[in-house]
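Work through the following exercises with the sequence and the coordinates at hand. Each task is followed by a solution that proceeds in steps.

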Amino acid sequence: MSPRTNLRRLLNAGRRLVQQDTPRASTADELRRELERFGKWVYPFELADGVVTPLQFDWLAEAHETRFRMMLPEIDALFDGRWDEVSCLDAGCNEGYVGFEIARRGAKAVVGFDARPQNIEKAEFVKRQLQVKNISFDVANIDSLTPERYGAFDLTLFLGLLYHLEDPIGALRRLRAVTRELCVVDTQVLRDGPSVTTIAGMEEVETNDILAVLEEPEWDESPLAAMTGSALVPNKSALFTMLRHAGFRNVRQAMPYPGCYDRYANFDRVIVFASV
Ligand SMILES: C[S@@+](CC[C@H](N)C(=O)[O-])C[C@H]1O[C@@H](n2cnc3c(N)ncnc32)[C@H](O)[C@@H]1O
């Protein structure tokens with residue numbers, strides 16, 4: 001089964017659950033007309049029979065399916081049987097796709113935020129169309145993530161955002177401050193390479209924990225990108241050290257499976273579960 005068909009199957013199952021007792025917000029034709037103003041999408045939401053949001057890039061379907069297969073079993077193993085007590089934060093949620101997947105499991109409340117208003121506008125559109133009650137969205141930068149503003153969450157999702165930030169350590173600390181049980185991190189990482197040596201105090205120190213400055217000169221042109229022109233990208237060792245220093249315990253990596261999206265197969269991206 002192709003990634004796109006498989007994903008469609010997952011989403012169909014979701015629609016059945018979400019829409020059990022709720023009428024469609026629009027007819028398929030009205031919906032197609034409404035969708036025209038949004039252009040291309042990052043996620044293939046099936047909003048009505050035969051009406052699926054058109055993807056910006058073909059590879060997105062395969063990437064989404066791989067991520068779901070790598071992270072959802074661990075999330076389900078932890079929360080199945082008590083979803084109605086579970087709150088979830090989706091940081092940098094884009095159009096809200098992963099948050100919707102958690103909402104359809106019956107989570108008590110899901111909150112998604114993203115710095116780009118146009119992404120949140122799409123997320124709100126999907127919420128209205130699918131009549132999902134247990135999810136809400138906010139336009140916000142992760143710099144403003146505090147327990148005072150959002151409260152605390154049993155599950156936090158930090159997916160595809162760390163490597164777009166100038167202050168990834170600060171972001172992890174802010175996430176830790178609002179995480180009660182589990183934080184799932186999905187990030188690009190540097191490939192393994194030689195260690196580096198520096199001076200710390202009077203000592204020469206050798207370390208494998210390395211971050212690179214990556215420039216994103218066209219950051220303002222993509223709905224998936226950073227909010228500034230540069231970001232710090234860690235290698236896996238640095239990621240684990242940063243998570244530990246942010247206060248997470250029991251940090252473990254999700255393993256790729258045969259045939260998965262090659263960024264994960266090649267360990268250019270990793271998914272990590274970090275417990276509190
Ligand atoms: C690569 S996408 C990942 C989207 C989604 N979390 C996922 O994994 O499918 C990065 C998202 O983070 C948002 N973003 C970038 N910098 C941000 C920041 N400083 N604060 C909040 N959101 C940010 C972007 O607008 C984009 O939607």
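**Exercise 1.** Determine whether Ala238 is buried or exposed in this predicted model, and give the reason.

*Solution.* Begin by counting the other C-beta atoms within 10 Å of Ala238, which gives 21. Next, compare this count with the cut-off, which calls a residue buried if 20 or more such atoms are found. Ala238 is therefore buried. To place the residue, note that Ala238 belongs to helix α8, residues 236-246. Finally, look for its contacts beyond four places in sequence, which are Asp209, Ile210 and Leu211; the C-alpha atom of Leu211 is 7.0 Å from that of Ala238, although the two residues are 27 apart along the chain.

**Exercise 2.** Establish the strand order of the open seven-stranded sheet, and describe how β13 pairs with β7 and with β12.

*Solution.* Tracing the sheet from one side to the other gives β5-β4-β3-β6-β7-β13-β12, with mixed pairing. The edges are then β5 (135-139) and β12, each of which pairs on one side only. On average, neighbouring strands are turned by 15 degrees against each other when direction is ignored. Turning to β13 (residues 269-275), its pairing with β12 (residues 249-253) is antiparallel over four bridges, and Val251 stands opposite Ala274 there. With β7 (residues 179-188), the pairing of β13 is also antiparallel, over seven bridges, and Leu182 has Ser275 as its bridge partner.

**Exercise 3.** Contrast the burial of edge strand β12 with that of helix α4.

*Solution.* Counting buried residues in β12 gives zero among its five residues, and the strand is hardly covered. Applying the count to α4 (residues 97-104) gives eight of eight, and this helix is mostly covered. Its buried residues include the charged-type side chains Glu101 and Arg104 as well as Val98, Phe100 and Ile102. Just after α4, Gly106 adopts a positive phi of about 100 degrees.

**Exercise 4.** Identify which members of the largest nonpolar core touch the most other members, and follow one of them outward.

*Solution.* The core holds 69 residues, and those touching the most other members are Cys88, Ala91, Leu157, Phe158 and Val184. Helix α3 (residues 59-79) supplies the largest share, seven residues. Taking Val184 and leaving aside neighbours within four places in sequence, one finds contacts with Met71, Ile75, Leu157, Phe158, Leu159, Ile271 and Phe273.

**Exercise 5.** Describe the composition of the shell around the ligand.

*Solution.* Of the 21 residues around the ligand, Gly92, Asn94, Ala115, Leu159 and Gly160 come nearest. Sorting the shell by residue type yields twelve nonpolar, six polar and three charged residues.

Methods:
Residues are numbered from 1 along each chain as its sequence is written. This is a predicted model: local features need pLDDT of at least 70, side-chain atom pairs count only at pLDDT 80 or more; totals for chains, interfaces and linings use all residues. A nonpolar core is a set of buried Ala, Val, Leu, Ile, Met, Phe, Trp, Tyr and Cys residues joined through C-beta atoms within 7 Å. A residue is buried if 20 or more other C-beta atoms lie within 10 Å of its own, exposed if 12 or fewer, and partly exposed in between; C-beta atoms are placed from the backbone. Helices (H or I, at least four residues) and strands (E, at least two) are DSSP runs, numbered from the N terminus. Two residues are in contact if their C-beta atoms, placed from the backbone, lie within 7 Å. A residue is near a molecule or strand if its C-beta atom, placed from the backbone, lies within 6 Å of it. Two strands pair if DSSP finds at least two bridges between them. Axes are lines fitted to C-alpha atoms, for helices over the stretch in contact, and angles run from 0 to 180 degrees between N-to-C directions.
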